[in-house]
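Reader: I would like a close look at the salt bridges of this model, with the cut-offs stated. Please add what is relevant about the surface patches and one buried position.

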Amino acid sequence: MLKRTKSIIAMSVICATPTLFAQEAGRIQAGQFDLIPSFTSSMAYVDNVAYARDDDPEIYSWRATISPELIAATQIDGNPFQVGYRLERGVFFSSSADDYTDHFIEASGEYELNSRHRVNAIAQYEDGHEERGTGFSLGLGTAITTPDRYKSTSFGGEYSYGAVTSDGVVTLKANRETLNYDRSEQAYLIRDRVKNKVGAELGYRIGSATTALLDVTQTFVRYDNQTGITTRDSDETRVLLGVRWESTAATTGFAKVGYKEKDFEAATRSTFYGTDWEVGIEWQPISYSTFRFSTNADTRETNGEGNFIRGRDYTAAWNHEWLSRLRSSISITRETNEYILDEDGIENRDDELMRYMASLNYQARRYLSFSLFYQLADRDSNRDSIGYDRNVVGISAEVTL
């Protein structure tokens with residue numbers, strides 16, 4: 001079925017219309033659209049397919065993935081618009097129960113009414129899966145027989161008022177996300193949810209390269225089915241103050257910190273008050289080497305026990321171009337997740353996840369690139385059933401026009 005799907009996509013690129021002709025590298029013009037096809041494949045060795053706990057037997061397997069993608073891009077009155085589809089098929093040679101086929105659809109566009117008014121929007125759909133031992137099945141990877149499948153959607157848009165050269169710019173934002181598991185058991189039904197978010201950001205220039213920021217967001221979290229449990233429906237308020245800067249040609253970044261409140265509809269679930277932040281810094285000391293650092297703190301919906309998750313993430317990354325065709329990428333991420341409980345005598349669950357990733361990328365031709373990669377995930381927890389470590393090493397290739 002996958003090969004047939006790939007053939008259909010390829011034929012649509014080659015034979016979609018008699019007026020089809022090559023426009024530029026990587027694109028084919030078909031009427032008003034530029035078609036941008038690509039194909040990615042990988043072969044990797046995974047030493048813990050189901051994220052088994054530290055003391056449990058682990059599944060070792062080679063994994064092959066193939067992922068064709070087709071993007072159709074155009075302009076409407078000079079404004080960019082594109083829609084794309086990507087399929088990803090994964091096959092585990094020693095664990096067929098973990099095979100998967102995921103689908104991704106995305107459409108996005110920007111529209112500039114005039115120099116002061118701009119609108120952009122994006123819509124995404126995913127028919128995807130959670131690997132055994134992740135998400136809702138965290139710590140239970142070997143206790144279930146197949147990955148958990150779900151469907152999710154995201155629709156969002158922004159409206160900005162203010163010219164690029166203005167001292168002040170106001171951006172209004174709205175977003176709607178849905179998550180629905182493809183299972184009928186009550187344990188999964190109570191995780192299906194909708195998250196509606198509205199907000200505004202005010203940016204005001206306070207220097208030649210510095211802008212002060214005020215970011216206010218209101219989020220409404222609603223669960224589809226809370227039968228048999230105390231509802232986790234909640235309203236979130238987030239107010240952040242900060243700055244965005246470009247102090248030199250080599251350094252850019254932003255930093256925002258502020259207040260977060262999560263108020264549950266159920267009186268038996270305590271309201272959370274805390275400090276949130278978002279920070280991102282990019283330093284490019286030389287043109288072919290870039291360092292990035294980012295961190296954030298926020299609340300997340302629980303995938304297991306507790307009222308919600310209090311999360312804090314820290315990431316450091318380094319990208320370096322050794323030769324015109326050879327570059328490397330290294331990153332380290334530390335995620336801390338505290339599952340907030342309201343139960344007397346039971347301490348909150350604390351998880352720490354360390355992720356290490358490295359890759360060496362070679363651009364063999366304009367249309368062909370290869371990558372060697374290594375990934376390590378190591379999770380520790382004060383719950384004995386949660387900890388695991390997982391190594392993945394492999395090679396991937398990407399082909400474009």
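Author: What follows covers the salt bridges, then two surface patches, then one glycine.

This is a predicted model, in which local features need pLDDT of at least 70 and side-chain atom pairs count only at pLDDT 80 or more, while totals for chains, interfaces and linings use all residues. Residues are numbered from 1 along each chain as its sequence is written, and side-chain values use heavy atoms, with hydrogens and water left out.

A search of the whole structure finds 32 salt bridges. The criterion for a salt bridge is a side-chain nitrogen of Lys or Arg within 4 Å of a carboxyl oxygen of Asp or Glu. Three of these pairs are described here, with their positions given by strands (DSSP runs of E, at least two residues, numbered from the N terminus). Exposure is given in three classes: buried is under 20% relative accessible area, exposed is over 50%, and partly exposed is in between, with a 1.4 Å probe and protein chains only.

One pair is Arg-205 and Asp-167, whose side chains meet with an N to O distance of 3.6 Å. Arg-205 belongs to strand 10 (residues 193-205) and Asp-167 to the loop between strand 8 and strand 9 (168-181), so this salt bridge ties together parts that are 38 residues apart in sequence. Arg-205 is partly exposed at 30% relative accessibility, and Asp-167 is partly exposed at 42%.

Another salt bridge joins Lys-173 and Asp-215, with the closest N and O atoms 3.3 Å apart. The two residues are in distant parts of the chain, 42 residues apart, with Lys-173 in strand 9 and Asp-215 in strand 11 (residues 210-223). Lys-173 counts as partly exposed because its relative accessible area is 25%. Asp-215 has 7% relative accessibility and therefore counts as buried.

In a further pair, the side chains of Arg-292 and Glu-282 meet at 2.9 Å, N to O. This salt bridge links strand 15 (residues 289-300), which holds Arg-292, to strand 14 (residues 272-286), which holds Glu-282, and the two residues are 10 apart. Arg-292 is partly exposed at 38%, and Glu-282 is partly exposed at 28%.

Patches are made of residues with over 30% relative accessible area and no salt bridge; like charges are joined within 9 Å and nonpolar side chains (Val, Leu, Ile, Met, Phe, Trp, Tyr) within 5 Å. Asp-54, Asp-55, Asp-380 and Asp-384 form a negative surface patch. Asp and Glu count as negative, and the place of the charge is CG for Asp. Within this patch, Asp-55 sits in the loop between strand 3 (33-46) and strand 4 (61-76) and is exposed, at 76% relative accessible area.

A nonpolar surface patch has about 1000 Å² of accessible area together, and its members include Met-43, Trp-62, Trp-322 and Phe-370. Strand 18 (349-365) and strand 19 (368-381) are the elements that give two or more residues to the nonpolar patch. Phe-370 lies in strand 19 and is partly exposed at 34%. Accessible areas come from the Shrake-Rupley method with a 1.4 Å probe; for residues, only the protein chains shown count as cover.

The buried position is Gly-156, in strand 8 (residues 148-161), with 14% relative accessibility. Leaving aside neighbours within four places in sequence, Gly-156 is in contact (heavy atoms within 4.5 Å) with Asn-120, Ala-121, Ile-122, Ala-174 and Asn-175. Gln-124 is 32 residues from Gly-156 in sequence, and the C-alpha to C-alpha distance is 9.0 Å.

Notes:
Helix = DSSP H or I, 4+ residues; strand = E, 2+ residues; numbered from the N terminus.
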